[in-house]
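Please open the model in your viewer and keep the selection tool at hand. The tour below goes from one selection to the next and says what is there.

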Amino acid sequence: RLNCNSFKPLGTLFCLAKICAGRNNNIDLVTLKKELTGKEPKTFVTAGDTTLARATAWAARYFGQNTEVYLPDNTCKHEIKAIEEIGAKVYNIDGGFCSAIEAASEVVSDDKNKHLIQEHSWNGCDKPVRDLVEGYYTVFLEIGQQIRNQELPCPDVVLIQSGSGLL
């Protein structure tokens, strides 16, 4: 999906679009992309999860925005390269997952043009998390549409991998 092999771009595209559009949440993605051309780009910051990092970098690139990714120092070199190839600036942080998230949070708190994109809430802020989940919900809409379009019977059971991916 969207060259990321994951459902995560659905969430990040939706989340970043809402941030970039500001008050105009009814704008379509193509129009929003055109409106952002030539304006000072925002920087979207994420940490710790390489799938979310790739998806955030992809969505930011789609809109002509910037991405900074803070990763634990034990992240595989091929993962770092994959994220950088999408256009993100990657920072390796001494320590693990929590250290990377803390570093990203600190950078965002010092700059109003930077926005933290994470799959968990922090300091009472849960709006980006809700927007990610709302974007991920697109997967279920697509499944329903395919069932209707192909006139398939509704499934009795649906198995979904769960974890930190918020599905």
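The stops that follow take in a helix, the nonpolar cores and the aromatic rings of this model, which is a predicted one.

Begin by selecting helix 1, residues 8-21, which has 14 residues and reaches 20 Å from its first C-alpha to its last, close to the 20 Å expected at 1.5 Å a residue. This helix is mostly covered, with 11 of its 14 residues buried, among them Leu-10, Leu-13, Leu-16, Ala-17 and Cys-20. To see what covers these buried residues, add helix 2, strand 1 (43-47), helix 3, helix 6 and helix 7 (138-149), which are included in that cover. Just after the helix comes Gly-22, whose phi is positive, near 65 degrees.

Stay in helix 1 and select Leu-16, which is buried. Leaving aside residues up to four places away in sequence, Leu-16 touches Phe-44, Thr-56, Ala-59, Ala-60, Phe-63 and Ile-117.

Now widen the view to the largest nonpolar core, which has 27 residues and in which Leu-16, Leu-32, Phe-63, Val-69 and Ile-83 have the most contacts. The elements that give two or more residues to this core are helix 1, helix 2 (29-36), helix 3 (50-62), strand 2 (66-72), helix 4 (77-86) and helix 6 (127-136). Next, select Ile-93, Ala-103, Ala-104 and Val-108, which are included in a second, separate core of 10 residues.

Turn then to the aromatic rings, where the count comes to three pairs. How are the rings of Tyr-62 and Phe-63 placed? Their centres are 5.0 Å apart and their planes stand at 80 degrees, and because an angle over 60 degrees counts as edge-to-face, the pair is described in that way. Tyr-62 is partly exposed, with a relative accessible area of 22%, whereas Phe-63 is buried, at 3%.

For another pair, select Tyr-70 and Tyr-91, whose rings are stacked, 4.8 Å centre to centre and with 15 degrees between the planes. This pair links distant parts of the chain, since Tyr-70 is in strand 2 and Tyr-91 is in strand 3 (residues 89-93), 21 residues apart. Tyr-70 counts as buried at 7% relative accessibility, while Tyr-91 is partly exposed, with a relative accessible area of 27%.

Finally, go back to Tyr-62 and add Trp-58 and Phe-63, as ring pairs link these three residues into a cluster. With Tyr-62 still in view, select Lys-33, which lies over the face of that ring, at 4.2 Å from the ring centre.

Note on methods. Residues are numbered from 1 along each chain as its sequence is written. This is a predicted model: local features need pLDDT of at least 70, side-chain atom pairs count only at pLDDT 80 or more; totals for chains, interfaces and linings use all residues. Side-chain values use heavy atoms; hydrogens and water are left out. A nonpolar core is a set of buried Ala, Val, Leu, Ile, Met, Phe, Trp, Tyr and Cys residues joined through side-chain atoms within 4.5 Å. Buried means under 20% relative accessible area, exposed over 50%, partly exposed in between (1.4 Å probe, protein chains only). Helices (H or I, at least four residues) and strands (E, at least two) are DSSP runs, numbered from the N terminus. Contact means heavy atoms within 4.5 Å. The expected span of a helix is 1.5 Å times one less than its number of residues. Rings of Phe, Tyr and Trp (its six-membered ring) pair if their centres lie within 6.5 Å; planes under 30 degrees apart count as stacked, over 60 as edge-to-face and the rest as tilted. A charge sits over a ring if NZ of Lys or CZ of Arg is within 6 Å of the ring centre and within 35 degrees of the ring normal.
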